[in-house]
Structures are given as structure tokens and as C-alpha cells.
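I opened this model to look up how its parts pack against one another. My entries follow in the order in which I looked things up.

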Amino acid sequence: MSYQKYGISPQLVERIKTKMKNPAAKERVKLLVDGVTKSDLQNSAKVRRLVKSSAAILNEKFSPADEERFVKFVVDQKIDPNNTLHLIKLWGMFR
């Protein structure tokens, strides 16, 4: 798994995936990321804000080190939310 190379634990990913199955939490996260652009996902400050906000929505407490790992992972992926192939690649990583 690509995210493991960044020091993100599979247990944490599984816990978040389980929480995202809650329709209310899923909808709140979807609203949070609605309108996010490729340039937003290349800006560390904006990604950090998204990570903190989504953690609050999912009632997760990330350490500063975990937060930094998530930010680095997202920025390094060069995700374009308008590119279907990028989204399929991400989906494949976390299914």
C-alpha cells in the first residue's frame, strides 16, 4: 500500500474507513471537500486545514506527526479531483 510508505498505519486507515460508512459523517466530509481543486491539494496549509477539519468530523485525534504524514501523502500524490483516473487510483489504494 502506498500510504504505508508514508508511515500511515493500516489500522488507522481501517478505523477511518469504518467511520466513513456512517452516512452523516460521509456527507459532512463530502461537503468539506466539495469544490477542492488540484492547486488546493498542492497547498500544504490548505491540506492541513482539510485534515484537521475531517478529523474533527470523524471524531479522530491525530498527533502532529500523523497530521504531517497525511499532508505529505496528499501533496505527493498530486491529486487532480477532476481526473477520474486519479480518483480511481486513490480508491484502489484504500479499498
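Entry 1, one aromatic residue. I began with Phe 73, which is buried in this predicted model, since its relative accessible area of 5% falls under the 20% cut-off for that term. I then looked up where Phe 73 sits along the chain, and found it in helix α4. I also looked up its separation from Gln 4: the two residues are 69 apart in sequence, whereas their C-alpha atoms are 9.7 Å apart in space.

Entry 2, the nonpolar core. I next asked which residues have the most contacts inside the largest nonpolar core. This core has 23 residues, and those with the most contacts inside it are Leu 41, Val 47, Phe 62 and Phe 70. Looking up which helices feed the core, I noted that α1 (10–19), α2, α3 and α4 (64–77) each supply at least two of its residues. I set beside this the general tendency of nonpolar side chains to be buried together in soluble globular proteins.

Entry 3, around Phe 70. Leaving out residues up to four places away in sequence, I found that Phe 70 touches Ile 8, Leu 12, Ile 16, Val 51 and Phe 62.

Entry 4, α3 against α4. I looked up the two axes and found that they come within 9 Å and cross at roughly 125°, which makes α3 oblique to α4. The crossing of these two helices is right-handed. From α3 the contact is made by Ser 44, Val 47, Arg 48, Val 51 and Lys 52, and from α4 by Glu 67, Glu 68, Phe 70, Val 71, Val 74 and Val 75. Sorted by character, the residues of this contact divide into 6 nonpolar, 1 polar and 4 charged.

Entry 5, α2 against α3. I then turned to helix α2 (residues 23–33) and helix α3 (residues 44–57), whose axes come within 10 Å and cross at roughly 160°. Because an angle over 145 degrees counts as roughly antiparallel, α2 is described in that way relative to α3. Here, too, I noted the handedness, and the crossing of α2 and α3 is right-handed. The contact is made by Ala 25, Arg 28, Val 29 and Leu 32 on the α2 side, and by Leu 50, Ser 53, Ser 54 and Ile 57 on the α3 side. I sorted these residues as well, and they divide into 5 nonpolar, 2 polar and 1 charged.

How values were computed. Residues numbered from 1 in each chain as written. Predicted model: local features only at pLDDT ≥ 70, side-chain atom pairs only at ≥ 80, totals over all residues. Heavy atoms only, no water. Axes fitted to C-alpha atoms, helices over the stretch in contact; angles between N-to-C directions. Parallel < 35°, antiparallel > 145°, perpendicular 65-115°, else oblique. Left-handed = near helix turned anticlockwise from the far one by under 90°. Contact = heavy atoms within 4.5 Å. Nonpolar A, V, L, I, M, F, W, Y, C, P; charged D, E, K, R; others polar. Core = buried A, V, L, I, M, F, W, Y, C linked by side-chain atoms within 4.5 Å. Buried < 20%, exposed > 50% of the residue type's maximum accessible area, 1.4 Å probe, protein only.
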